[in-house]
Amino acid sequence: MFVDIQRIFIKAGDGGDGCTSFYTEKYVSNGGPDGGDGGDGGNVVFKADARKSSLLDFRYNQHFKAEPGHKGERRFCHGARGKDIVIAVPRGTVIRDAETGGVIADMFEDGQTVTVLEGGRGGKGNARFKSSRRQAPRFSQCGEKVAEQRVVLELKTIADVGLVGFPNVGKSTLLSRITAARPKIADYHFTTLSPNLGVVKYYDDSFTVADIPGLIEGAGSGAGLGHDFLRHVDRVRLIVHVVDISGVEGRDPIEDYRTINRELKVYSKQLAALKQVVVLNKADLLADTGAIEAFKQAIGKKVVCISAVTGEGLDGLLKEIYTQLKKLPPVEPMRFEPFVFAKADTTGFEIRRDTDGAFEVGGGLMEELARNVVLDSYDSFRYFQKRLQETGVIKALKSAGASDGDTVRILDIEFEYVE
């Protein structure tokens, strides 16, 4: 089964909690705080792997989590950093944010790595909170939590040449004759249900050719498997447009040619503007050259006549393809403004009045401060109040109308406002 688009869930590792500990040793009665910091969580890293050709693995495994950071330990020992999770994807995979569609990365080069999500920061141990006035802090900081994200993996075949045309015009047969690829070939429409890739050896050089499964009218707007097929021709440098000149299936070769070009233009104007080599296949079935001459006159372009079955004209076709490729720039990765997942705001806050008259304070700053709060620790709560004063929260509460005795709620913490 060939899978070229898949949604998955990724999550970086949470930060490890800091440690609350005090140095103890025989004959040392007043050892100070020695709790170490928690380790940072592991990152989510994607890596391009040219050995993979499909996203099938992600159909059955859609959740990927990096290792969380380890907790801090006594004697100033920091927790170990969580291991990164490395997700191998086929070369040519485009990673998008599932919500906005923004492009996060284009895995264009084999071995390329991109860090998509960074792990949470480890919490501080109680040794970090020691000060001249707070000699024995009995609290530490929790590790930073990281949200799970959804991304879409979209495989776009990387090739020099893309074979396009209506179903059953002989693209797969042509690919099998000029490369070592062995696609399924049969005398019915839509034999090929996924792109096939082959390498053409041309003297001391080579180039890659992708057989794009048969397009139909309306494919550019998504009809049938339109976009599923067309995404694989996005990256090609040269289009080889294969037309069945014999007309044995009752279709008009000229109209077929125009229809496919219309669909390419609907899907992408850049794609439609690519250089094309027009190939008239099954020329061996014609009784005379009248159909070929009529086709040439109708489109006003140079054509190459071949028979993919007998091999007639293939040498001339390869020469034409190679000549055109030499004039074209190499395949390049997508140009895009990288999408980056927003990091949590740890400085902002907002105050609103609840229906019961209590003042509720929310925002990133509150979530950051709450990592330091241990409700049953006097030291911890005093530190929390001090930080509320330093960051302007108390002043903002007063400006919002808070007075002595009013209830203030910050996340799961509730206390009375005292001036």
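This report walks through the sheets, a hairpin, a helix pair and the empty spaces of a predicted model.

## The three-stranded sheet

One open sheet has three strands. Their order is 4-2-7, and the pairing is mixed. Strand 4 (85-90) and strand 7 (113-117) are the edge strands, so named since each pairs on one side only. From one strand to the next, the twist averages 30 degrees.

Strand 2 covers residues 44-49. Strand 2 and strand 7 run antiparallel and are joined by four bridges. To find this pairing in the structure, start at Val44: the bridge partner of Val44 in strand 7 is Leu117. Strand 7 appears again below, in the lining of the largest pocket.

## The four-stranded sheet

Another open sheet has four strands, in the order 15-16-17-18. Here too the pairing is mixed. The edges are strand 15 (350-353) and strand 18 (413-416), and each of these pairs on one side only. With direction ignored, neighbouring strands of this sheet are turned by 25 degrees against each other on average.

Strand 15 pairs with strand 16 (residues 359-362) in the antiparallel sense. Four bridges hold this pairing. Among the residues involved are Ile351 and its bridge partner in strand 16, Val361. A helix also belongs in this picture. Helix 9, residues 378-390, lies across strand 17 (407-410) and strand 18. Helix 9 runs at about 75 degrees to strand 18.

## A hairpin

Strand 10 (residues 196-202) and strand 11 (residues 205-211) form a hairpin with two residues between the strands. The two strands run antiparallel, and seven bridges join them. Asn196 in strand 10 has Asp211 in strand 11 as its bridge partner.

What phi does Tyr203 take in this hairpin? Tyr203 takes a positive phi, near 55 degrees.

Strands of a sheet pair through backbone hydrogen bonds, in either a parallel or an antiparallel way.

## Two crossing helices

Helix 2 spans residues 171-178, and helix 7 spans residues 314-327. Their axes come within 12 Å and cross at roughly 85 degrees. Helix 2 is therefore roughly perpendicular to helix 7.

Which residues meet where these helices touch? From helix 2 come Leu174, Arg177 and Ile178. From helix 7 come Leu314, Leu317 and Leu318. By class, this contact has five nonpolar residues, one charged residue and no polar residues.

## The largest pocket

The largest pocket has a volume of about 720 Å³. The pocket is lined by 29 residues. Closest to its centre are Glu144, Lys145, Val146, Lys343 and Ala344.

Strand 7, the edge strand of the 4-2-7 sheet, supplies at least two residues of this lining. Helix 8 (364-370) also supplies at least two. By class, the lining has 13 nonpolar, seven polar and nine charged residues.

## The second largest pocket

How much space lies in the second largest pocket? The volume is about 610 Å³. The lining of this pocket has 20 residues, and those closest to the centre are Asp234, Arg235, Val236, Gln270 and Leu274. Sorted by class, 10 residues of the lining are nonpolar, two are polar and eight are charged.

## The cavity

Rolling a probe the size of a water molecule over the atoms shows where empty space is left. A search of the whole structure finds one cavity of 30 Å³ or more. The largest cavity has a volume of about 30 Å³.

Six names make up its lining: Asp244, Gly247, Glu249, Gly250, Arg251 and Asp256. By class, four of these residues are charged, two are polar and none is nonpolar.

Notes. Residues numbered from 1 in each chain as written. Predicted model: local features only at pLDDT ≥ 70, side-chain atom pairs only at ≥ 80, totals over all residues. Heavy atoms only, no water. Pairing = 2+ DSSP bridges. Axes fitted to C-alpha atoms, helices over the stretch in contact; angles between N-to-C directions. 1 Å grid on protein atoms, 1.4 Å probe; cavity = no way out; pocket = protein on both sides within 12 Å on 5 of 7 lines; lining within 4 Å. Points joined across faces, edges and corners; volume = space filled by probe spheres on them. Nonpolar A, V, L, I, M, F, W, Y, C, P; charged D, E, K, R; others polar. Parallel < 35°, antiparallel > 145°, perpendicular 65-115°, else oblique. Contact = heavy atoms within 4.5 Å.
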